[in-house]
Amino acid sequence: MSVYEEMLQLSDPDAVQGPISLGGIHTVLLGIFPIVLRNLKAEAPRLRVKITGGNSPDLIAQVEAGLLDAAVITHPPHPLSDKLLVHHLYSEPFALILPEGWACASLVETLTTSPYIALDRTNWVGRSIDAFFLRSGIDIRPAVELSSQDAVLTFVKYGHGVSVLPILRGEAQIVDQRLQVVPIRGFERNVSLVERKIHARSHLTAKLLKSIVEVTIEDKTTKT
């Protein structure tokens, strides 16, 4: 399909139709996806969307195998197959998360004097946090290690310790008054969309990509 034909399809709501299978990491499903899909369905009501949640490595494998048309993932720490296209979407800053009322001196002092609630260090976000601690010379011995960010937030909220997590993009994130969120300057994660270089629904994933970009620009504008 030529570039001109793809542009015509993107501008024609009737052309953007049929099934599309998408993957998303859990934090994206809670963050921007509800807004993106609302806008996408409004623009292309004949689009049928199936969503699969999972971790980044599994979602990438499903895209490469043709089981998913595209997936929104944490950007990988290593190069991907040359059969895949990776589109950078946005960055999310990491933050120190504390229970309400806990004193917060310096980042290093808070992390080294408080029980630390770790995100599973076998996933890419957990590894990124560990790498940040190593670069910063911060020696962390987790009191608890949990597999989901929601679980980590719950443990922090009930006073079991502090943690470091990315701040989710999107209005679906709930600001809990029982938590303190202190952004860490210069530390962020990149979120990307991955798809195969050649596949039959590339015009649909192009529409998805366009919708994500519009939502993230709007979200950024409302916060400045």
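Let's start with a pair of side chains: aspartate 176 and lysine 157 form a salt bridge, with their closest N and O atoms 3.3 Å apart. Aspartate 176 sits in the loop between β7 (163-166) and β8 (179-196), while lysine 157 belongs to helix α7 (residues 149-157), so this contact ties together parts that are 19 residues apart in sequence. Lysine 157 has a relative accessibility of 23%, and therefore counts as partly exposed. Please keep in mind that this is a predicted model.

**Salt bridges**

In general, side chains of opposite charge can pair when their charged atoms come close. Here the count comes to nine salt bridges. Three of the pairs are set out below.

| Acidic partner | Basic partner | Closest N and O atoms |
|---|---|---|
| Aspartate 176 | Lysine 157 | 3.3 Å |
| Aspartate 130 | Arginine 121 | 3.8 Å |
| Glutamate 214 | Lysine 210 | 2.8 Å |

How far apart in sequence are lysine 210 and glutamate 214? These two residues are four residues apart, about one turn of the helix, and both lie in α8 (residues 202-222). Lysine 210 is partly exposed, with 38% relative accessibility, and glutamate 214 is partly exposed as well, at 34%. Elsewhere, salt bridges that share partners link Arg121, Asp130 and Glu145 into one network.

Two members of that network can be looked at a little more closely. Aspartate 130 pairs with arginine 121. Aspartate 130 has 31% relative accessibility, so it counts as partly exposed. Arginine 121 falls in the partly exposed class too, at 33%.

**The second largest pocket**

Now for a feature you may want to bring up in your viewer. The second largest pocket holds about 320 Å³ of space. Which residues lie nearest its centre? They are Ile25, Gly54, Asn55, Asn123 and Ser147, out of a lining of 18 residues.

Several helices take part in this lining: α2 (26-30), α4 (56-64) and α6 (124-136) each supply at least two of its residues. The largest share comes from α6, which gives three residues.

What is the chemical make-up of the lining of this pocket? It divides into 11 polar residues, five nonpolar ones and two charged ones.

How values were computed: Residues are numbered from 1 along each chain as its sequence is written. This is a predicted model: local features need pLDDT of at least 70, side-chain atom pairs count only at pLDDT 80 or more; totals for chains, interfaces and linings use all residues. Side-chain values use heavy atoms; hydrogens and water are left out. On a 1 Å grid over the protein atoms alone, a cavity is a set of points where a 1.4 Å probe fits but cannot get out, and a pocket is an open set with protein on both sides within 12 Å along at least five of seven lines; lining residues have an atom within 4 Å of a point. Grid points are joined across faces, edges and corners, and a volume is the space filled by probe spheres set on the points. Ala, Val, Leu, Ile, Met, Phe, Trp, Tyr, Cys and Pro count as nonpolar, Asp, Glu, Lys and Arg as charged, and the others, Gly among them, as polar. A salt bridge is a side-chain nitrogen of Lys or Arg within 4 Å of a carboxyl oxygen of Asp or Glu. Buried means under 20% relative accessible area, exposed over 50%, partly exposed in between (1.4 Å probe, protein chains only).
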